[in-house]
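Take a walk through this model, starting at the ligand and ending at the backbone. Keep the viewer open as you read.

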Amino acid sequence: MSIDLVAERREALVAAARTAMGTAYAPYSGFHVGAALLFEDGAIVTGANVENASYGLSLCAETVACSIAAHAGRRGGLLAVAVSGGAGGRADAAISPCGRCRQVLNELAALGGTDPLVICTSAKETVEMRLSALLPNAFGPANLA
Ligand SMILES: O=c1ccn([C@H]2C[C@H](O)[C@@H](CO)O2)c(=O)[nH]1
Ligand SMILES: [Zn+2]
């Protein structure tokens with residue numbers, strides 16, 4: 001059921017990540033990233049990186065998308081994540097989420113007991129893996145219960 005939804009919405013999810021890349025605010029790195037989250041109800045929530053003049057405060061696209069989803073009331077049900085990005089918004093590198101974003105994604109995943117598929121896409125290639133492979137033995141909400 002869930003796997004079918006990912007297959008069904010896969011193209012839309014990747015397209016949403018690419019579109020979201022267009023709203024990146026990345027004047028310092030020039031590296032534009034878009035992320036799209038697919039939920040069990042079929043909804044797609046997107047985000048793009050938001051940089052800051054104090055460089056270290058910049059937020060990645062995946063973290064922005066997770067924050068928007070949480071703010072909209074989502075507390076789980078994360079089935080898949082698509083990430084697309086590259087210098088100048090050219091999406092020529094299949095980038096995978098940074099360490100901080102893996103942990104942020106894990107919060108939404110763990111709350112709903114899912115292991116989302118992470119789809120890293122570029123114009124040239126697509127690399128896919130489960131979040132549990134990107135963040136094995138994760139620290140999560142259960143550790144605080
Ligand atoms: O998976 C990633 C990797 C990097 N970035 C952003 C952070 C920064 O704004 C820019 C360059 O690192 O790309 C993301 O949004 N997601
Ligand atoms: Zn990140």
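Which elements each supply at least two residues of the shell around ligand 1? They are E1 and H2; E1 is strand 31-39 and H2 is helix 61-71. Helices (H or I, at least four residues) and strands (E, at least two) are DSSP runs, numbered from the N terminus.

This is a predicted model: local features need pLDDT of at least 70, side-chain atom pairs count only at pLDDT 80 or more, and totals for chains, interfaces and linings use all residues. Residues are numbered from 1 along each chain as its sequence is written, while chains are lettered from A and ligands numbered from 1 in the order in which they are written.

Stay with ligand 1. The shell around it holds 15 residues, and Phe31, Val33, Asn49, Cys60 and Ala61 come nearest. A residue is near a molecule if its C-beta atom, placed from the backbone, lies within 6 Å of it. By class, the shell has ten nonpolar, three polar and two charged residues. Here Ala, Val, Leu, Ile, Met, Phe, Trp, Tyr, Cys and Pro count as nonpolar, Asp, Glu, Lys and Arg as charged, and the others, Gly among them, as polar.

Next, the cysteines. An unreviewed UniProt entry lists Cys60, Cys98 and Cys101 under "binding site"; such annotations may be inferred rather than shown by experiment. They span 42 residues in sequence, yet no two of their C-alpha atoms are more than 8.3 Å apart, so they gather at one spot. Cys98 sits in the loop between E3 and H3. Cys101 belongs to helix H3. Is Cys101 buried or exposed? It is buried, with 25 C-beta neighbours inside 10 Å; the cut-offs are 20 or more for buried, 12 or fewer for exposed, and partly exposed in between. Cys98 has 13 such neighbours, so it is partly exposed. Beyond four places in sequence, Cys101 is in contact (C-beta atoms within 7 Å) with Cys60, Glu62 and Thr63.

Now the interior. The largest nonpolar core (buried Ala, Val, Leu, Ile, Met, Phe, Trp, Tyr and Cys residues joined through C-beta atoms within 7 Å) has 38 residues. Leu37 is among those with the most contacts inside it. Leu37 touches Ile44, Val45, Ala65, Ala69, Leu78 and Val81, residues up to four places away not counted.

Last, the backbone. Most residues other than glycine have a negative phi. Ala91 has a positive phi, near 50 degrees, and is buried. Asn137 has a positive phi near 55 degrees, but is exposed.

Notes: Contact = placed C-beta atoms within 7 Å.
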